[in-house]
Amino acid sequence: DAIGKGIAAEGKIALYGIYFDTGKAEIKPESKPQLDEMGKLLNASKTLRVFVIGHTDNQGQLDANLALSQKRAEAIQAALVKDYKVDAKRLSARGVANYAPVASNAQEAGRAKNRRVELVEQ
């Protein structure tokens, strides 16, 4: 419900319950509760189309982070299609690395906030 309200109010919502190992794009099992909520929203709102945007912190090389964030967004998109039966035409995956931070990357707390997935209404 909070995801839907966030999208309705701001056109996007940042999600922090999707987990990956460092440098990897395989979704970890502990991400299931967040994926369940995303799937529930998308199945309840059949006309909602979203961009799945992957973000990273500024650690590592930009080109590598761009590729990684894209692969992670694609992994989330694939999970929503396969496990939650969301129509793939309603989802578009994009990786933006560390181009849109929400906090300073100078400290780990800020970097953790920057490592996120956003659902952005199309």
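Visitor: How many salt bridges does a search of the whole structure find?

Guide: The model shown here is a predicted one, and its side chains can be searched for pairs of opposite charge. Side chains of opposite charge can pair when their charged atoms come close. Carried out over the whole structure, such a search finds a number of salt bridges equal to 9.

Visitor: Why are Glu37 and Lys40 separated by about one helical turn?

Guide: The side chains of Glu37 and Lys40 meet in a salt bridge, with 3.3 Å from N to O. Both residues belong to helix α2, which covers residues 32-44, and their separation is about one helical turn because along this helix they are 3 residues apart.

Visitor: What is the order of the strands in the open sheet?

Guide: The sheet is open, has 4 strands and shows mixed pairing. Its edge strands, each pairing on one side only, are β1 (12-15) and β3 (91-95), while neighbouring strands are turned against each other by 20 degrees on average, direction ignored. Read across the sheet, the order is β1-β4-β2-β3.

Visitor: Which residue in β3 does Phe51 stand opposite?

Guide: Strand β2, made of residues 50-54, runs parallel to β3 and is joined to β3 by 5 bridges. Across from Phe51, the residue found in β3 is Ser92.

Visitor: Which helix gives the largest share of the lining of the largest pocket?

Guide: The largest pocket holds about 420 Å³ of space, and of the 22 residues lining this pocket, those closest to its centre are Phe20, His55, Asp57, Arg72 and Arg115. By class, the lining has 9 nonpolar, 8 polar and 5 charged residues. One helix lies across β2, β3 and β4 (117-121), running at about 160 degrees to β3. With 4 residues, the largest share of the lining comes from that helix, residues 62-84, named α3.

Key
Residues are numbered from 1 along each chain as its sequence is written. This is a predicted model: local features need pLDDT of at least 70, side-chain atom pairs count only at pLDDT 80 or more; totals for chains, interfaces and linings use all residues. Side-chain values use heavy atoms; hydrogens and water are left out. On a 1 Å grid over the protein atoms alone, a cavity is a set of points where a 1.4 Å probe fits but cannot get out, and a pocket is an open set with protein on both sides within 12 Å along at least five of seven lines; lining residues have an atom within 4 Å of a point. Grid points are joined across faces, edges and corners, and a volume is the space filled by probe spheres set on the points. Helices (H or I, at least four residues) and strands (E, at least two) are DSSP runs, numbered from the N terminus. Ala, Val, Leu, Ile, Met, Phe, Trp, Tyr, Cys and Pro count as nonpolar, Asp, Glu, Lys and Arg as charged, and the others, Gly among them, as polar. Two strands pair if DSSP finds at least two bridges between them. Axes are lines fitted to C-alpha atoms, for helices over the stretch in contact, and angles run from 0 to 180 degrees between N-to-C directions. Contact means heavy atoms within 4.5 Å. A salt bridge is a side-chain nitrogen of Lys or Arg within 4 Å of a carboxyl oxygen of Asp or Glu.
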